[in-house]
Amino acid sequence: METRLNIAGVTVAVTHRYGLPAWCLDGHETDAAAQFAISATEDDLRREYDRLEGRFDLAACEDNCLYRRAALGMLDYDGFLLHAAAVAVDGAGYVFTAPGGTGKSTHAGFWMRAFGPRAVMVNGDKPILRRIGGRFFVCGTPWRGKERLGCGEMVPLRGVCLLERGAENAISQADIDTVLDRIFCQVLLPETAEQAVQQLDLLDKLVKETPVYRLRCNLSPEAALVAYRGMNGG
């Protein structure tokens with residue numbers, strides 16, 4: 001079975017055995033001509049099943065394989081997947097990345113409550129950052145994390161926050177070594193040397209062209225306002 005999805009402005013033909021979850025289709029299904037195609041082989045599914053130690057069925061394993069294929073395919077279109085939460089406020093995108101369990105989704109939820117109808121949840125777990133016309137956009141994807149939060153929007157990227165726990169809420173510009181170390185840990189590992197070159201080039205452009213901050217927060221609602229003001233010169 002084939003379904004075509006619009007992912008970050010690129011049409012992807014997805015061949016699947018087990019059907020795609022409803023949240024993968026919402027805001028992404030399209031009839032446009034495909035720009036590249038992905039699928040998961042039987043060997044892919046078995047390797048994923050073994051990697052997950054049989055804790056998930058083959059449908060879930062296929063979903064994992066497909067999102068990785070889609071993400072790596074986006075490198076040919078100047079896009080890469082970042083393990084992060086992404087929110088838009090007044091049409092500008094803000095991304096929060098950190099190791100799992102740090103509170104990315106919680107922090108994004110604070111933004112949604114703080115800014116009400118001005119805010120949109122772009123993606124709760126796996127947005128694509130895509131460089132178009134010399135600037136980066138943050139883009140929703142069909143893969144949205146366990147809370148299934150997100151949409152199909154693409155918005156200009158205003159800033160990236162390296163999220164970490166702290167006793168007080170505080171934001172500051174991140175130094176280049178911290179940026180590269182922390183962001184590199186939150187991207188998919190390339191499968192080929194060509195993909196590695198593409199990804200490193202995009203990461204280099206990201207840190208040169210986009211403000212990146214360290215956000216220490218205590219997971220109180222005030223953290224959203226501290227972050228927003230810090231990324232907008234307030």
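In the predicted model, the accessible surface of the chain amounts to about 10,700 Å², and carbon and sulfur atoms account for 50% of this area. Of the 234 residues, 50% count as buried. The radius of gyration is 17 Å, which agrees with the value near 17 Å expected for a compact globule of 234 residues. Along the principal axes, the C-alpha atoms occupy a box of roughly 50 × 35 × 30 Å.

The secondary structure consists of seven helices and twelve strands. Contacts were considered between residues at least 6 apart in sequence, and 68% of these join residues at least 24 apart. The chain carries 26 positive and 30 negative charges, and the mean positions of the two sets are 5 Å apart.

Helix α7 spans residues 222–231 and contributes a set of buried residues, namely Ala223, Ala224, Val226, Ala227, Tyr228 and Met231. The buried residues of this helix pack against both strands and helix α4. The strands concerned are β5 (84–89), β6 (92–97), β10, β11 (170–173) and β12 (212–217), while α4 covers residues 104–115. Just after α7, Gly233 adopts a positive phi of about 75 degrees.

Positive phi values also occur at residues other than glycine. Glu53 has a phi near 55 degrees and lies in the loop that links α2 (42–51) to α3 (58–73). With a relative accessible area of 65%, Glu53 is exposed, because the cut-off for exposed residues is over 50%. Arg148, likewise not a glycine, has a positive phi of about 60 degrees. This residue is located in the loop between β9 (135–139) and β10 (154–165). Arg148 has a relative accessible area of 40% and is therefore classed as partly exposed.

A further loop position, Gln186, is found between α5 (176–184) and α6 (193–209). The relative accessible area of Gln186 is 11%, so this residue counts as buried. When residues up to four places away in sequence are left out, Gln186 touches Leu81, Leu82, His83, Thr97, Ala98 and Pro99. One of these contacts, Thr97, belongs to β6 (92–97), a strand against which the buried residues of α7 also pack.

The number of disulfides in the model is zero. For Cys161, the closest cysteine sulfur is that of Cys217, at 8.8 Å, and this separation is too far for a bond because a disulfide requires sulfur atoms within 2.5 Å. Cys185 is likewise in no disulfide, and its nearest cysteine sulfur, in Cys161, is 17 Å away. The surroundings of these two cysteines were also assessed by accessibility. Cys161 has a relative accessibility of 0% and therefore counts as buried, whereas Cys185, at 54%, counts as exposed. Cys161 falls within β10 (154–165), and Cys217 within β12 (212–217); both strands are among the elements that the buried residues of α7 pack against.

Technical notes. Residues are numbered from 1 along each chain as its sequence is written. This is a predicted model: local features need pLDDT of at least 70, side-chain atom pairs count only at pLDDT 80 or more; totals for chains, interfaces and linings use all residues. Side-chain values use heavy atoms; hydrogens and water are left out. Helices (H or I, at least four residues) and strands (E, at least two) are DSSP runs, numbered from the N terminus. The radius of gyration is taken over C-alpha atoms; the globule rule is 2.2 Å times the number of residues to the power 0.38. Buried means under 20% relative accessible area, exposed over 50%, partly exposed in between (1.4 Å probe, protein chains only). Contact means heavy atoms within 4.5 Å. Accessible areas come from the Shrake-Rupley method with a 1.4 Å probe; for residues, only the protein chains shown count as cover. Lys and Arg count as positive and Asp and Glu as negative; His and the chain ends are not counted. The place of a charge is taken as NZ of Lys, CZ of Arg, CG of Asp or CD of Glu.
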